[in-house]
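The exercises below concern a single chain. Work through each task with the sequence and coordinates at hand, then compare with the solution.

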Amino acid sequence: MKLRVHQLRVGEVVKAQVVENVSAENFIVSFSGDLIRVKNQTGKLFDIGQQIHLKVTSLNPLSFSYFALSRTNRVI
C-alpha cells in the first residue's frame with residue numbers, strides 16, 4: 001500500500017528516500033513516490049538514495065524532525 005502524505009499523523013515515524021539535494025538546507029524525499037521538500041536543520045549531509053527516518057511533528061504546516069534509529073529501535 002502506498003503511503004500518502006495526507007494520511008500522516010503527528011508522532012508517526014516514516015521512512016523516506018533522499019531524491020535530490022536542492023541546497024545544504026533543503027532536500028527532496030520520496031515517500032513511496034510522494035515527493036516532499038524538507039528543510040534540513042540537522043547539519044548532516046544526506047546522500048541521494050539514502051533511506052532516512054522522519055518523525056511527523058505537525059500537519060499544518062507539514063513538519064518533520066530527523067529520527068535516528070539506535071540498534072534496538074525498529075520502525076515498521
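**Exercise 1. The pocket lining**

Task: Into how many nonpolar, polar and charged residues does the lining of the largest pocket divide?

Solution: The model is a predicted one. The lining holds 8 nonpolar, 5 polar and 2 charged residues. The pocket itself encloses about 260 Å³ of space. It is lined by 15 residues, and those closest to its centre are V38, K39, N40, F64 and S65. Two elements give two or more residues to this lining, strand 3 (34-39) and strand 5 (62-66). Strand 5 gives the most, with 5 residues.

**Exercise 2. Strand 3 and its partner**

Task: Assign the residues of strand 3 to a covered and an uncovered face, then describe how the strand pairs with strand 2.

Solution: Start with the faces. D34, I36 and V38 form the covered face, while L35, R37 and K39 form the uncovered one. Next, take the pairing. Strand 2 (residues 26-31) runs antiparallel to strand 3, with 6 bridges between them. One residue to check is V29, whose bridge partner in strand 3 is I36. Last, take the turn. The hairpin of strand 2 and strand 3 has 2 residues between the strands, and S32 adopts a positive phi near 50° there.

**Exercise 3. The chain as a whole**

Task: Which secondary structure elements does the chain have, and what share of its residues is buried?

Solution: Count the elements: there are 0 helices and 5 strands, in the order β-β-β-β-β from the N terminus. Of the 76 residues, 25% are buried, taking under 20% relative accessible area as the cut-off. The chain exposes about 5,500 Å², of which carbon and sulfur atoms supply 48%. Among contacts with a separation of 6 or more, 47% join residues 24 or more positions apart.

Notes: Residues are numbered from 1 along each chain as its sequence is written. This is a predicted model: local features need pLDDT of at least 70, side-chain atom pairs count only at pLDDT 80 or more; totals for chains, interfaces and linings use all residues. Side-chain values use heavy atoms; hydrogens and water are left out. On a 1 Å grid over the protein atoms alone, a cavity is a set of points where a 1.4 Å probe fits but cannot get out, and a pocket is an open set with protein on both sides within 12 Å along at least five of seven lines; lining residues have an atom within 4 Å of a point. Grid points are joined across faces, edges and corners, and a volume is the space filled by probe spheres set on the points. Helices (H or I, at least four residues) and strands (E, at least two) are DSSP runs, numbered from the N terminus. Ala, Val, Leu, Ile, Met, Phe, Trp, Tyr, Cys and Pro count as nonpolar, Asp, Glu, Lys and Arg as charged, and the others, Gly among them, as polar. Buried means under 20% relative accessible area, exposed over 50%, partly exposed in between (1.4 Å probe, protein chains only). Two strands pair if DSSP finds at least two bridges between them. Contact means heavy atoms within 4.5 Å. Accessible areas come from the Shrake-Rupley method with a 1.4 Å probe; for residues, only the protein chains shown count as cover.
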